Amino acid sequence: MSDHCCASEGAIAGALEKIRANGGRVTEPRRAMLAILGKEHGPFSAEELHKKIGGAGCDVVTVYRSLQAMEEIGVVRRCDFGDGTYRYEFNDGEHHHHHIICRVCRSVETLDVCVADGLERMARQKGYQKVTHTLEIFGVCPKCA
Ligand SMILES: [Zn+2]
Ligand SMILES: [Zn+2]
Ligand SMILES: [Zn+2]
């Protein structure tokens, strides 16, 4: 699915630490979710992630809420592929990237180039803080063309 790989053990430990520092609980499902997200690029919907962790003794609503909570503190990143389903991936700050999504088979590739630095700078110059951006590219992949 993707050529992008793998958050380090340290990055995962850092994410768990961040959850604690923000007053969150490091539950077994959260651990399991982060282990998957660190290993596989995704991005995954709550349903997909719930399947991948084999339930881990929690329902899909719990997975969904955990993802939301982890997104708020920047542990995971939410991707919107415009189909009404939010998908999440590990937010390894050092590996900022974008996606190209096939409109037909929904496969995801990563694009390790960012052209938005200038835009973020302009936003900061306008006095905005905590500036971030999301940008997803859509197309029809060579297999589906
Ligand atoms: Zn395709
Ligand atoms: Zn990604
Ligand atoms: Zn970017």
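## Exercises on helix packing, core and backbone

Apart from residues within four places in sequence, arginine 31 contacts Leu16, Arg20 and Val26, where contact means heavy atoms within 4.5 Å. The model is a predicted one, in which local features need pLDDT of at least 70 and side-chain atom pairs count only at pLDDT 80 or more, while totals for chains, interfaces and linings use all residues. Residues are numbered from 1 along each chain as its sequence is written, chains are lettered from A and ligands numbered from 1 in the order in which they are written, and side-chain values use heavy atoms, with hydrogens and water left out.

**Exercise 1.** Locate arginine 31 and classify its exposure.

*Solution.* Begin with the element: arginine 31 belongs to helix α2. Helices (H or I, at least four residues) and strands (E, at least two) are DSSP runs, numbered from the N terminus. Next, take the relative accessibility, which is 36%. Buried means under 20% relative accessible area, exposed over 50%, and partly exposed in between (1.4 Å probe, protein chains only). Arginine 31 is therefore partly exposed. Finally, consider a separation in space: 9.7 Å lies between the C-alpha atoms of arginine 31 and isoleucine 53, which are 22 residues apart along the chain.

**Exercise 2.** Describe how α2 packs against α1.

*Solution.* The axes of the two helices, α1 and α2, come within 10 Å and cross at roughly 145 degrees. Such axes are lines fitted to C-alpha atoms, for helices over the stretch in contact, and angles run from 0 to 180 degrees between N-to-C directions. From α1, the contact uses Ile12, Ala15, Leu16, Ile19 and Arg20; from α2, it uses Arg30, Arg31, Leu34 and Gly38. Sorted by class, these are five nonpolar, one polar and three charged residues. Here Ala, Val, Leu, Ile, Met, Phe, Trp, Tyr, Cys and Pro count as nonpolar, Asp, Glu, Lys and Arg as charged, and the others, Gly among them, as polar.

**Exercise 3.** Determine the mutual orientation of α2 and α4.

*Solution.* The axes of α2 (residues 28-39) and α4 (residues 60-72) cross at roughly 70 degrees and come within 11 Å. Because angles of 65 to 115 degrees count as roughly perpendicular, α2 and α4 are roughly perpendicular to each other. On the α2 side the residues are Arg30, Met33, Leu34 and Leu37, and they meet Val63, Ser66, Leu67, Ala69 and Met70 of α4. This contact has seven nonpolar, one polar and one charged residues.

**Exercise 4.** Identify the elements that build the largest nonpolar core.

*Solution.* A nonpolar core is a set of buried Ala, Val, Leu, Ile, Met, Phe, Trp, Tyr and Cys residues joined through side-chain atoms within 4.5 Å. The largest one has 22 residues, and Leu34, Leu49, Val63, Leu67, Met70 and Phe90 have the most contacts inside it. At least two residues come from each of α1 (9-21), α2, α3 (46-52), α4 and β2 (86-90). The largest share, five residues, is that of α1. Not counting residues up to four places away in sequence, phenylalanine 90 touches Ala7, Ala11, Ile12, Ala15, Leu34, Leu37 and Val75.

**Exercise 5.** Examine the backbone at proline 43, arginine 106 and lysine 130.

*Solution.* Proline 43 sits in the loop between α2 and α3, and a cis peptide bond with omega of about -10 degrees joins glycine 42 to it. Arginine 106, in the loop between β3 (98-102) and β4 (108-111), has a positive phi of about 65 degrees although it is not a glycine. Lysine 130, in the loop between α5 (117-125) and β5 (136-139), has a positive phi near 50 degrees. As to accessibility, arginine 106 is partly exposed at 30%, whereas lysine 130 is exposed at 83%.

How values were computed: Parallel < 35°, antiparallel > 145°, perpendicular 65-115°, else oblique.
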